[in-house]
Amino acid sequence: MKTQEFIESGILEAHLLGLTDKEEHEKVREMVSADPVLEEYTVVLEAGINTYFERESVNPPEAVREVVRLRSTRDKKEKHEFTNEHTSRQYLDVEVNDTHMKVHKFWRPAFIAVFVLSKIFLIAGLYYYFKSVSQQEELQRLKAQQIEQVK
C-alpha cells in the first residue's frame, strides 16, 4: 500500500484513538517504522489530536470528582473492574446522588408550556363541570316549577 493511500484510509487516526484491532495495530506499527514520512505524519497527527482534546476537554462536575477521589482511595479489592471486549481497560463504577433532572435547554420552554397549558385546561374543565352541574339543577328547578303551574 502506498504512503498516500495509507494516510487517506484513516487507519492512522483509528490507531491513534485506540480503535484498531491487533492485526491492524501491528500493520500500522510496521508501516510507520518502515516509512519516515509516515512516522513524521503520525507524530504531527498525534500532536494535533492531543491539542484538540486538550482544547475541547470539559472538567467533570465536582460531585463526579469527589466520587472518583473516594473510589481511588479504596483498596483494589473494593474497586469494580469492568473490561471492554475490545480492550482491557479498567473502569470505575461512578454513582452520582443527584436529585435534579437535567434537560437540554431547548426542552425547558416546552415543559413550561405543557405545565401552563395543563393548568389552564384544569381550570377550564372545572369551570365547565360546575357550570353544567348548575345548569342541570336550574333545568330540574324549571321542570318542577312548570309541573306545579300545570296542576
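1. A polar contact is a pair of N or O atoms within 3.5 Å; within protein, one atom must be able to donate a hydrogen and the other to accept it, and residues adjacent in sequence count only if both atoms are side-chain atoms. One such contact, of 2.3 Å, links the side chains of arginine 141 and glutamate 138. Arginine 141 belongs to helix H6 and is partly exposed, with a relative accessible area of 43%. Here buried means under 20% relative accessible area, exposed over 50%, and partly exposed in between (1.4 Å probe, protein chains only).

2. On the basis of the note: this is a predicted model, in which local features need pLDDT of at least 70 and side-chain atom pairs count only at pLDDT 80 or more, while totals for chains, interfaces and linings use all residues. Residues are numbered from 1 along each chain as its sequence is written, and side-chain values use heavy atoms, with hydrogens and water left out.

3. On confidence: pLDDT is the predictor's confidence in each residue, from 0 to 100. The protein has a mean pLDDT of 83, and 86% of its residues reach 70 or more. Confidence is highest in helix H6 (residues 108–150), at a mean of 95, and lowest in helix H5 (residues 62–73), at 77. Over residues 75–84 pLDDT stays under 50, and for this stretch the model has 17 contacts beyond four places in sequence. A contact means heavy atoms within 4.5 Å.

4. On the overall architecture: the protein has six helices and zero strands, giving the pattern α-α-α-α-α-α along the sequence. Helices (H or I, at least four residues) and strands (E, at least two) are DSSP runs, numbered from the N terminus. Of the contacts with a separation of 6 or more, 43% are between residues 24 or more positions apart.

5. On the surface: of the 151 residues of the protein, 11% count as buried. The protein exposes about 13700 Å², of which carbon and sulfur atoms supply 57%. Accessible areas come from the Shrake-Rupley method with a 1.4 Å probe; for residues, only the protein chains shown count as cover.

6. On the interior: the largest nonpolar core has nine residues, namely Phe6, Ile7, Ile11, Leu12, Val28, Val32, Leu38, Leu45 and Ile49. Two or more residues each come from helix H1 (3–8), helix H2 (11–16), helix H3 (22–34) and H4. H4 gives the most to this core, with three residues. A nonpolar core is a set of buried Ala, Val, Leu, Ile, Met, Phe, Trp, Tyr and Cys residues joined through side-chain atoms within 4.5 Å.

7. On threonine 42: this residue lies in helix H4 (residues 36–56) and is buried, with a relative accessible area of 10%. Its side chain reaches the backbone oxygen of leucine 38 at 2.6 Å. Not counting residues up to four places away in sequence, threonine 42 touches Leu12, Leu16 and Val32.

8. On aspartate 35: this residue is placed in the loop between H3 and H4. Aspartate 35 is buried, with a relative accessible area of 16%, and its side chain reaches the backbone nitrogen of valine 37 at 3.2 Å.

9. On aromatic rings: the structure holds four aromatic pairs. One of them is formed by tyrosine 52 and phenylalanine 53, edge-to-face at 5.6 Å centre to centre with 65° between the planes. Tyrosine 52 counts as partly exposed at 42% relative accessibility, as does phenylalanine 53 at 45%. Tyrosine 127 and tyrosine 128 also form an edge-to-face pair, with 5.0 Å centre to centre and 75° between the planes. Tyrosine 127 is partly exposed at 48%, whereas tyrosine 128 is exposed at 53%. Rings of Phe, Tyr and Trp (its six-membered ring) pair if their centres lie within 6.5 Å; planes under 30 degrees apart count as stacked, over 60 as edge-to-face and the rest as tilted.
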